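Trainee: I am new to this one. Can we go through it step by step?

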Amino acid sequence: MKVGVVTFPGSLDDVDARRAVTVAGGEPVPLWHGDHDLRGVDAVVLPGGFSYGDYLRCGAISRFSPVMTEVVAAAGTGLPVLGICNGFQILCESHLLPGALIRNDHQKFVCRDQRLRIENNRTAWTSAYDADAEVTVVLKNGEGSYVADEDTLDRLEGEGRVVARYLDVNPNGSLRDIAGITNERGNVVGLMPHPEHAVEDLTGPGTDGLGFFTSVLRSLVG
Amino acid sequence: MARVVVDVMLKPEILDPQGKAVHGALPRLGFEGVSGVRQGKRFELELEGELTSARLAEVHAIAEKLLSNPVIEDFAVHVEEHEGSPA
């Protein structure tokens with residue numbers, strides 16, 4: 001199973017994301033922002049970082065990169081796509097997911113081990129988790145505050161599209177403690193915390209993040 | 001040549017932590033009586049040739065598609081007269 005990981009100029013976590021795919025038992029395929037095809041991958045990860053220096057708005061320039069044209073088209077036909085942190089911002093800018101991510105309400109960059117509840121384990125990226133599983137993964141962001149209008153938030157909640165919610169503390173001011181959401185089909189997931197930094201005991205707060213990567217491999221086999 | 005200015009501001013209901021930080025700094029500097037600060041972006045677009053209504057419509061499209069995110073931001077477009085240009 002091939003999982004593509006896109007590197008944009010300014011991506012930081014592409015190497016960790018590729019490693020997480022390997023640890024989960026998949027084959028990572030590096031993709032470049034200028035690529036015009038997805039090299040036959042079965043899923044795509046948009047990693048964290050500061051693509052295009054966060055110029056204009058986080059993810060605003062990346063959205064128009066050649067590879068994103070391919071990702072948006074493939075997502076429309078069901079390709080599993082996971083956007084982590086900056087990747088989540090890119091998915092919102094691409095309109096693959098509703099809402100937007102703005103500067104943390106407390107104005108500071110936050111970096112911590114964060115507890116989450118996985119509230120939807122029916123997506124391509126969360127099926128390996130038990131219902132309402134509580135996990136701890138790394139969180140690090142400066143512009144991670146999820147916002148959307150009330151109608152959109154109600155719709156996300158009503159349709160079970162809040163994939164992950166912050167527990168204990170709301171680290172960035174996200175409305176309704178939302179840490180991650182999915183599209184109607186459940187193949188596109190955006191997540192502000194970083195599961196790819198929690199896949200091995202040697203580094204990070206544990207291996208709770210591995211489930212995102214084993215989930216997609218399982219969904220591809222199934 | 002024409003200069004068209006696009007101002008982009010966070011929607012009123014969207015929290016602006018940067019504006020809040022600037023606002024918070026004012027009393028420390030001895031400036032009183034400012035009840036609020038909102039921070040936005042200003043883009044100056046230099047256009048070639050005549051400024052037609054079609055070109056202006058294109059600037060609106062640029063503002064909507066790239067310069068602003070309609071989920072969180074509003075934008076305003078205005079044409080700026082060049083210095084020294086005939087009135």
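The questions below deal with a predicted model.

Trainee: Which residues does the UniProt annotation "active site" cover?

Mentor: The annotation comes from an unreviewed UniProt entry. The residues that it covers are C85(A), H194(A) and E196(A).

Trainee: What is the largest C-alpha distance among them?

Mentor: In sequence they are spread over 112 residues. In space they cluster nonetheless, and the largest C-alpha distance is 10.9 Å.

Trainee: Is H194(A) buried or exposed?

Mentor: H194(A) sits in the loop between β11 (188-191) and α5 (210-221) of chain A. A residue counts as buried if 20 or more other C-beta atoms lie within 10 Å of its own. H194(A) has 24 such atoms within 10 Å, so it is buried.

Trainee: Where is E196(A) found, and why is E196(A) classed as it is, buried or exposed?

Mentor: E196(A) is in the loop between β11 and α5 of chain A. Because 32 other C-beta atoms lie within 10 Å, E196(A) is buried.

Trainee: Which annotated residue does H194(A) touch?

Mentor: Residues up to four places away in sequence are not counted here. H194(A) touches several others, including D13(A), G48(A) and I84(A). Among its contacts is also one that the UniProt entry annotates as "active site", C85(A).

Trainee: How many residues of chain B are in contact with chain A?

Mentor: On the chain A side, 12 residues take part. These divide into 4 nonpolar, 4 polar and 4 charged. On the chain B side, the number of residues in contact is 9.

Conventions: Residues are numbered from 1 along each chain as its sequence is written. Chains are lettered from A and ligands numbered from 1 in the order in which they are written. This is a predicted model: local features need pLDDT of at least 70, side-chain atom pairs count only at pLDDT 80 or more; totals for chains, interfaces and linings use all residues. Two residues are in contact if their C-beta atoms, placed from the backbone, lie within 7 Å. Ala, Val, Leu, Ile, Met, Phe, Trp, Tyr, Cys and Pro count as nonpolar, Asp, Glu, Lys and Arg as charged, and the others, Gly among them, as polar. UniProt positions are given in the numbering used here, feature names are shortened, and annotations may be inferred rather than shown by experiment. Helices (H or I, at least four residues) and strands (E, at least two) are DSSP runs, numbered from the N terminus. A residue is buried if 20 or more other C-beta atoms lie within 10 Å of its own, exposed if 12 or fewer, and partly exposed in between; C-beta atoms are placed from the backbone.
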